[in-house]
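Please look through the sequence and the model before reading on, and keep both at hand while the text moves from one part to the next.

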Amino acid sequence: MNYKNTLTFKAFKKSKYFSLKYINYFPIYDTLLKKFRNKKIIFVEIGVFSGGSLFMWRNFFGKKAKIIGIDLNPDIKRFEKYGFDIILGDQSSNKFWKKFFQKYGKVDVILDDGGHTNHQQITTVNNCVPNVKDGGILITEDVHTSYIRDKWYNPSKYSFINYSKKLIDDINTRYPGIKKQKFSLSKYIYSIQSFESLTVFNINRKLSKINREVRNNKLSTNPKEFRASLNKDSFFFKIKNFFNVKTNFTYLVFLINSLKLRNFFK
Ligand SMILES: C[S@@+](CC[C@H](N)C(=O)[O-])C[C@H]1O[C@@H](n2cnc3c(N)ncnc32)[C@H](O)[C@@H]1O
């Protein structure tokens, strides 16, 4: 979809104040956020700046939505008179978030377009994820800062993107028997979507349960398991046949294949 044809881009163009977004965001916003239009939702944007995106979101979501803007800059109070909830605060403060959610309760959508440092983005995820409703989403914007040295001091082991990869590992601990992580959000985050410059956390506690097997108990043909079979053209198959040994050399095959895979991890 051409970004110019999206509802969010039209809402962005219609805004009376300045805003800066990237063109790839608009089709993603449309796809993820259209289900919330014209509903009584709570939408939170961290980072108000010139106020342009507050009006954009009002144009897009409609009058029923409560639009909350958060920023460190006290000047943003000027937008209160347009019907926005304006909250002064620091997204990297746990105390700030505690007070914020005591006031508003759980919310539908949170968009982080604040300061974009690793610490700000990660603290925001940790505080906001448990406070998003089931079916709601948290979008972290401008995650390219995880790769930029100037100003952001990245790449770093503790970049936001590395944290989002850790959260993918965390989700997979719902598979039975996988070691749980000490710090986990896996009971809230159903899935994570990664787009260029945007990371999306889909929240759903009901769907984030420990997984289990289910069988349909129908007729089995008892098929032979071919998973560990050796390819007839392979070196190990020839050795196995020549020496008439039983082993399938599974660990050796695993090691050699791992060496071949190295190139994909570069
Ligand atoms: C990129 S601008 C927001 C742009 C706006 N969302 C738009 O689309 O027009 C980033 C804003 O985040 C605010 N900000 C920076 N650090 C912050 C922090 N720690 N907590 C809250 N807001 C912060 C800045 O004051 C600035 O207004």
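The paragraphs below take up the sheet, then the helices, then the surroundings of the ligand, and finally some details of the backbone.

The model is a predicted one, and a convenient place to enter it is the sheet, in which 7 strands are arranged in the order 3-2-1-4-5-7-6. This sheet is open, and its pairing is mixed. Strand 3, residues 85-88, and strand 6, residues 189-195, are the edge strands, each of them pairing on one side only. Averaged over the sheet and with direction ignored, neighbouring strands are turned by 15° against each other.

Both kinds of pairing can be followed in individual strands. Strand 1, covering residues 42-46, runs parallel to strand 2, covering residues 66-71, and 5 bridges join the two; within this pair, Ile-42 has Lys-66 of strand 2 as its bridge partner. Strand 6 and strand 7, by contrast, run antiparallel and are joined by 6 bridges, with Ser-191 standing opposite Asn-202 of strand 7. The hairpin that these two strands form leaves 2 residues between them, and there Ser-197 takes a positive phi near 70°. As a general point to keep in mind when looking along any such element, side chains in a regular strand alternate between the two faces of the sheet.

Turning to the helices, helix 2, made of residues 25-33, packs on the sheet, where it touches strand 4 (107-112), strand 5 (132-141), strand 6 and strand 7 (198-203). The direction of helix 2 makes about 175° with that of strand 5.

A further packing arrangement involves two helices. Two packed helices are described by the angle between their axes and the distance between the axes. For helix 4 (residues 94-104) and helix 5 (residues 118-128), the axes come within 10 Å and cross at roughly 35°, and the crossing is right-handed. On the side of helix 4 the contact is made by Asn-94, Trp-97 and Phe-101, which meet Thr-123, Thr-124, Asn-127 and Cys-128 of helix 5.

Which residues lie closest to the ligand? Of the 18 residues that surround the ligand, the closest are Ser-19, Gly-47, Asp-71, Asp-90 and Asp-113. A nitrogen atom of the ligand lies 2.8 Å from a polar backbone atom of Gly-47, while an oxygen atom of the ligand is 2.6 Å from an N or O atom in the side chain of Asp-71. Phe-49 also takes part, with a polar backbone atom 3.1 Å from an oxygen atom of the ligand. Taken alone, the ligand exposes 600 Å², of which the protein buries 83%.

Phe-49 deserves a second look for its backbone, since this residue has a positive phi of about 55° although it is not a glycine. Its place is the loop between strand 1 and helix 3 (52-61). Another backbone detail is the cis peptide bond that joins Asn-154 and Pro-155, with omega about 0°; Pro-155 is located in the loop between strand 5 and helix 6 (160-172).

Terms used
Residues are numbered from 1 along each chain as its sequence is written. This is a predicted model: local features need pLDDT of at least 70, side-chain atom pairs count only at pLDDT 80 or more; totals for chains, interfaces and linings use all residues. Side-chain values use heavy atoms; hydrogens and water are left out. Two strands pair if DSSP finds at least two bridges between them. Helices (H or I, at least four residues) and strands (E, at least two) are DSSP runs, numbered from the N terminus. Axes are lines fitted to C-alpha atoms, for helices over the stretch in contact, and angles run from 0 to 180 degrees between N-to-C directions. Contact means heavy atoms within 4.5 Å. A residue is near a molecule or strand if one of its heavy atoms lies within 4 Å of it. A polar contact is a pair of N or O atoms within 3.5 Å; within protein, one must be able to donate a hydrogen and the other to accept it, and residues adjacent in sequence count only if both atoms are side-chain atoms. Accessible areas come from the Shrake-Rupley method with a 1.4 Å probe; for residues, only the protein chains shown count as cover. A crossing is left-handed if the near helix is turned anticlockwise from the far one by less than a right angle, and right-handed if clockwise.
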